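Hi there,

Here is the structure I promised to hand over to you. Have a look at it first, and then read on for what turned up.

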Amino acid sequence: MKIAIGNDHAGTEYKMAVVAYLESKGIEVLNFGTDSLDSVDYPDFVHPVASKVNDKQVDLGILICGSGNGVAMTANKYQNVRAGLCWNKEIVQLIREHNNANILCIPARFTAVAQVIEMVQVYLETAFLAGRHANRIGKIPLQC
């Protein structure tokens, strides 16, 4: 499995913990996030992750910023991306089961590192239920 991860300055500590967790599971990680606490612009780190997910060059993506909203809004501009904003593992389970989300967006300022590791575990272990949900997902992309 290969996962792309990105973060802004608010998510640096969380990203480092998530990368360590993923690598301990033998998962290859492409790190597109900042490793600094200096202020940066989150879209600069979202676009490489979303592009890799969109083009199926990675299996999944993870994005982290202060509220999680900015990274989710940016990632969801890509046609083949379904980025879900989550602040607990129950929501993570639903975005995988019902929405087949391929990018997990995490709000660093509203979660704890240990909680985020649990969320990532659920993200990796939860399968898409398909069925009635597949039809709904098919209606998401704009047909221009």
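Where is the place of K56? K56 belongs to the loop that runs between α2 (43-54) and β3. Please keep in mind as you read that this is a predicted model. The phi angle of K56 is near 60°, which is a positive value in a residue other than glycine. K56 is also exposed, as its relative accessible area is 65%.

A130 makes a nice partner for K56 in your notes. Phi of A130 is likewise positive and near 60°, again in a residue other than glycine. You will find A130 in the loop between α5 and α6 (132-138). With a relative accessibility of 29%, A130 counts as partly exposed, whereas K56 counts as exposed at 65%.

Now for the inside of the protein. In soluble globular proteins, nonpolar side chains tend to be buried together. Here, the largest nonpolar core is made of 25 residues. The residues with the most contacts inside this core are V18, L22, I62, L104, I106 and V120. Two or more residues each come from β1 (2-7), α1 (12-24), β3 (60-65), α4 (89-97), β5 (103-107) and α5 (113-125). Of these elements, α5 gives the most, with 6 residues.

Is I64 buried or exposed? I64 has a relative accessible area of 0%, so it counts as buried, the cut-off being under 20%. This residue lies in strand β3. Its C-alpha atom is 4.8 Å from that of I106, although the two residues are 42 apart along the chain. I106, you may recall, is among the residues with the most contacts inside the largest nonpolar core.

Two other pairs are good practice for measuring distances on your screen. L37 sits in the loop between β2 (28-31) and α2, and L37 is exposed at 68% relative accessibility. From L37 to V113 there are 76 residues along the chain, and their C-alpha atoms are separated by 16 Å. The second pair starts at N80, in the loop between α3 (69-75) and β4 (83-85). N80 is partly exposed, with a relative accessible area of 34%. N80 and R109 are 29 residues apart in sequence, and 28 Å lies between their C-alpha atoms.

Next, the largest pocket. How much space lies in the largest pocket? The volume comes to about 210 Å³. Its lining is formed by N76, K77, Y78, Q79, V81, R82, N99, I137, I140, P141 and L142. Sorted by class, that lining has 6 nonpolar, 3 polar and 2 charged residues. Try colouring the lining residues by class on your screen.

Finally, a word on the rings. How many aromatic pairs does the structure hold? The count is 0. A ring does take part in another kind of arrangement, though: the charged end of R96 sits over the ring of Y123, at 5.4 Å from the ring's centre.

That is the tour. Write back with any questions once you have turned the model around a few times.

Best wishes

Methods: Residues are numbered from 1 along each chain as its sequence is written. This is a predicted model: local features need pLDDT of at least 70, side-chain atom pairs count only at pLDDT 80 or more; totals for chains, interfaces and linings use all residues. Side-chain values use heavy atoms; hydrogens and water are left out. Rings of Phe, Tyr and Trp (its six-membered ring) pair if their centres lie within 6.5 Å; planes under 30 degrees apart count as stacked, over 60 as edge-to-face and the rest as tilted. A charge sits over a ring if NZ of Lys or CZ of Arg is within 6 Å of the ring centre and within 35 degrees of the ring normal. On a 1 Å grid over the protein atoms alone, a cavity is a set of points where a 1.4 Å probe fits but cannot get out, and a pocket is an open set with protein on both sides within 12 Å along at least five of seven lines; lining residues have an atom within 4 Å of a point. Grid points are joined across faces, edges and corners, and a volume is the space filled by probe spheres set on the points. Ala, Val, Leu, Ile, Met, Phe, Trp, Tyr, Cys and Pro count as nonpolar, Asp, Glu, Lys and Arg as charged, and the others, Gly among them, as polar. A nonpolar core is a set of buried Ala, Val, Leu, Ile, Met, Phe, Trp, Tyr and Cys residues joined through side-chain atoms within 4.5 Å. Buried means under 20% relative accessible area, exposed over 50%, partly exposed in between (1.4 Å probe, protein chains only). Helices (H or I, at least four residues) and strands (E, at least two) are DSSP runs, numbered from the N terminus.
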